[in-house]
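Please open the structure in your viewer and keep the selection tool at hand. The tour goes from the whole chain to a pocket, and then to two individual residues.

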Amino acid sequence: VIGSTFNKFEYRKILTGELENMFVEDYARRRGVGRLLVHNLLEWFKLHGVASVIVSVYAKNFESIKFYKSLGFSPWSVTLEHRLL
C-alpha cells in the first residue's frame, strides 16, 4: 500500500491524504490482507494529522469500489472522460 499526505487540494482547509496504490497477490486476496493494509495506512494518517483520505478507483472496478465502501469510503468526486482517438 502506498499513501501520501501531499495536499493537492489547496482549497480545502483540512489536510487530505491519498491512498495512491495498493496491490495484494492473488493467493492472499479475500483473506483480510487488503483490509489490514488500508487500516494500518489510515491509522498512520491519523497519527500524522490527516483529517480526510481519498482513493481513486476505475469506475468499472466494481469489486474495488465495494471493498473501499466497506471500509467507510464514500463517493466524493466523479471524473469524466471524453475519448478523441
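**The whole chain**

Begin with a cartoon view of this predicted model, in which the secondary structure of the protein comes to 2 helices and 3 strands. If you colour the chain from the N terminus on, the elements run in the order β-β-α-β-α. Turn the view along the principal axes, and the C-alpha atoms of the protein fill a box of roughly 45 × 40 × 20 Å.

Next, colour by relative accessibility: of the 85 residues in the protein, 20% are buried. Now show a surface, for which the accessible area of the protein comes to about 7,200 Å², with 55% of that belonging to carbon and sulfur atoms. Select the charged side chains as two sets, and you should find 12 positive and 8 negative ones in the protein, with the centres of the two sets lying 7 Å apart. If you also draw a contact map, consider the contacts in the protein between residues at least 6 apart in sequence, of which 53% join residues at least 24 apart.

**The largest pocket**

Keep the surface on and select Val55, Ser56, Val57, Trp76 and Ser77, which, among the 27 residues lining the largest pocket, lie nearest its centre. Strand 3 (52-55) and helix 2 (62-70) are the elements that give two or more residues to this lining. The volume of the largest pocket is about 960 Å³.

**Glu18**

Move on to strand 2, where you can select Glu18. Is this side chain's residue, Glu18, buried or exposed? Glu18 counts as buried because its relative accessibility is 15%, and the cut-off for buried is under 20%. Expand the selection to its contacts, leaving out residues up to four places away in sequence, and Glu18 is seen to touch Ile2, Gly3, Ser4, Lys8, Phe45, Ile54 and Ser56. One of these contacts, Ser56, was already in your selection as one of the residues nearest the centre of the largest pocket.

**Arg30**

For the last stop, follow the chain into the loop between strand 2 (16-21) and helix 1 (33-47), where Arg30 is found. Check the backbone torsions here, since Arg30 has a positive phi of about 65° although it is not a glycine. With a relative accessible area of 76%, Arg30 is exposed, whereas Glu18 in strand 2 counts as buried.

Methods
Residues are numbered from 1 along each chain as its sequence is written. This is a predicted model: local features need pLDDT of at least 70, side-chain atom pairs count only at pLDDT 80 or more; totals for chains, interfaces and linings use all residues. Side-chain values use heavy atoms; hydrogens and water are left out. Helices (H or I, at least four residues) and strands (E, at least two) are DSSP runs, numbered from the N terminus. Buried means under 20% relative accessible area, exposed over 50%, partly exposed in between (1.4 Å probe, protein chains only). Contact means heavy atoms within 4.5 Å. Accessible areas come from the Shrake-Rupley method with a 1.4 Å probe; for residues, only the protein chains shown count as cover. Lys and Arg count as positive and Asp and Glu as negative; His and the chain ends are not counted. The place of a charge is taken as NZ of Lys, CZ of Arg, CG of Asp or CD of Glu. On a 1 Å grid over the protein atoms alone, a cavity is a set of points where a 1.4 Å probe fits but cannot get out, and a pocket is an open set with protein on both sides within 12 Å along at least five of seven lines; lining residues have an atom within 4 Å of a point. Grid points are joined across faces, edges and corners, and a volume is the space filled by probe spheres set on the points.
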